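Open the model in your viewer and keep the selection panel at hand. The stops below go from the domains to the RNA strand.

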Amino acid sequence: MAKEITSREEDYSQWYLDIVNKAGLASNSKVRGCMVIKPYGFAIWEKMRDELDRRFKETGHQNAYFPLLIPKSFLSKEEDHVEGFAKECAVVTHHRLMANPNGKGVVVDPDAKLEEELIIRPTSETIIWDTYRDWIQSYRDLPLLVNQWANVMRWEMRTRAFLRTAEFLWQEGHTAHSTKEEAVEESRMILDLYADFAETFMAMPVYKGEKTPHERFAGADNTYTIEALMQDGKALQSGTSHFLGQNFAKAFDVKFLNEKNKEEYVWATSWGVSTRLMGALIMAHSDDRGLVLPPKLAPIQVVIVPVPKPNDAINAKVDEIMAALKAKGISVKYDDDKKKRPGFKYAEYEMRGVPVRLGLGKRDLENNTIEVARRDKERDNGGKYSIALDSVVEHVEQLLEDIQTGLYQKALNFRKEKTYKVDTWDEFVDVIENKGGFAYAHWDGTTETELKIKELTKATTRCIPLDVLFGEEGEGKCILTGEPSAKRVLFAKAY
RNA sequence: AUGGAUAUAGUUCAGUCAGGUCAGAAUGCUACAUUUGGGAUGUAGUGGUCGCAGGUUCGAAUCCUGCUAUCCAUACCA
């Protein structure tokens with residue numbers, strides 16, 4: 001792990017930001033709370049996006065695109081929804097600038113005031129459901145399974161690169177169904193899709209669960225979530241899938257005629273993951289040398305460094321190796337920059353999280369060997385070794401798989417260590433304040449207690465897990481109030 | 001929004017209290033030379049209306065006023 005848990009959160013904050021900067025993932029924008037995603041960071045996001053998109057399509061969804069701007073009145077149609085998002089909306093009020101009559105620069109033209117202000121979407125439920133009203137008339141139009149890749153904006157008070165930015169990229173799925181059961185099933189199916197993606201692609205274990213009423217999405221009847229654990233012991237909500245009931249259908253008057261020629265409101269879901277997954281990726285795997293990427297997400301899986309400098313003999317051999325690796329579908333880069341020394345390149349690619357590095361020099365050519373360095377291990381601890389040159393392709397192919405599963409296993413072990421079954425308030429406080437991680441504890445089910453616990457410890461309910469965590473399920477007493485509790489829930493400090 | 005802090009080179013920052021060789025360092029970038037199996041060294045160069053607008057003064061990065069933006073704490077969240 002990158003660092004032992006300390007009480008000094010700033011250290012982690014700095015560590016995280018260093019990786020974001022030095023690995024070339026993103027930089028601050030001049031606009032408050034916004035971020036520039038650099039090409040390398042975006043390449044990783046594209047890998048995530050493409051894989052998710054493939055999975056959405058595989059499960060019958062289609063992509064569409066809805067407007068960035070939403071009439072203000074739309075937002076007031078669903079009560080809970082407006083309450084949830086009103087505080088953080090950017091608002092467009094004018095449509096024109098003019099030269100400043102009093103001097104230099106430009107000012108907003110007061111004559112160009114919009115009749116109705118427009119909201120920059122914080123999420124698209126409202127405009128989509130306003131559109132769905134026209135798209136849905138009959139049960140034959142259902143289910144409607146649409147996803148959108150878009151940017152959204154939420155004027156957050158405190159921002160942090162990838163984890164909470166004012167503008168962020170995401171996908172939002174919005175589906176309409178003829179029955180409640182089908183809608184619930186859809187939201188559960190997406191939850192499983194997200195969890196599988198996180199675990200098999202990002203090598204990041206997640207807890208699947210249900211949110212408590214207080215932590216629910218604004219306007220949802222139920223919210224499912226995947227919760228990941230970061231190396232500093234804080235939880236990160238990495239994706240959510242909501243069963244919206246008929247709330248939006250009623251608010252936007254979306255009805256359909258069923259097979260019995262009877263009018264009904266449709267049932268809805270919405271679900272999304274965002275560039276926050278990039279933050280999760282960084283916080284979950286990185287170490288003090290920089291980013292660590294699971295091979296499936298790495299834009300460059302293998303980098304070859306000539307030692308100390310490229311020459312004809314090395315180049316010729318590298319060409320052979322690259323062709324063979326590419327034939328296996330492995331993305332490989334040859335860094336034949338003559339001006340940089342090998343040590344510089346090693347540090348650079350480690351910072352960028354490239355899973356496998358191959359070093360080829362004169363000595364190797366004489367001995368018919370090649371040097372292999374794997375990013376997930378320390379140099380002096382099995383992370384760097386030589387193999388026979390002939391075996392390089394199959395070795396690398398196997399190694400990439402090993403790294404992928406190894407990273408997952410490592411993260412899983414860490415989470416196991418940091419998930420505590422807790423029965424007393426003292427233990428609870430100890431976990432939250434000293435040990436870090438999840439406290440799996442009984443809770444009386446009231447929002448009041450939830451808020452009290454948050455006030456006392458800053459820990460929030462992360463989810464009511466769908467799976468049984470410690471091989472036993474049973475009633476107990478609330479950690480704080482001692483009232484009876486039917487089920488344990490996961491608590492943690494969260495981003 | 002409230003409380004605290006900050007704004008100087010592409011980046012990280014010193015200089016502000018005590019106005020006057022104060023336009024600085026490191027790093028980056030460019031060139032050349034020597035190097036080259038884990039972030040090389042030397043030399044030369046490049047780079048800033050000191051956040052913006054006023055004011056005080058012979059003179060302002062430095063003092064005063066106003067504005068703007070950012071960061072930390074509290075509320076919110078994918």
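Select domain 1 and domain 3 of chain A: their centres, taken over C-alpha atoms, are 28 Å apart. This is a predicted model, in which local features need pLDDT of at least 70 and side-chain atom pairs count only at pLDDT 80 or more, while totals for chains, interfaces and linings use all residues. Residues are numbered from 1 along each chain as its sequence is written, and chains are lettered from A and ligands numbered from 1 in the order in which they are written.

To make the selections, use 2-285 for domain 1, 302-399 for domain 2 and 418-492 for domain 3; such bounds come from an automatic or database domain assignment.

Next, show where domain 1 meets domain 3. Here 17 residues of domain 1 are in contact (C-beta atoms, placed from the backbone, within 7 Å) with 16 residues of domain 3. On the domain 1 side, β11 (206-210) and β12 (222-229) each give two or more residues; strands are DSSP runs of E with at least two residues, helices runs of H or I with at least four, numbered from the N terminus. β11 gives the most to this side, 4 residues.

Now select RNA strand B. Which residues come nearest to RNA strand B? They are Arg32, Pro308, Gly343, Gly361 and Arg363, out of 44 around the strand; a residue counts as near if its C-beta atom, placed from the backbone, lies within 6 Å.

Finally, colour α10 (342-351), one of the elements that give two or more residues to this surface. α10 supplies the largest share, 8 residues.

Key
Two residues are in contact if their C-beta atoms, placed from the backbone, lie within 7 Å.
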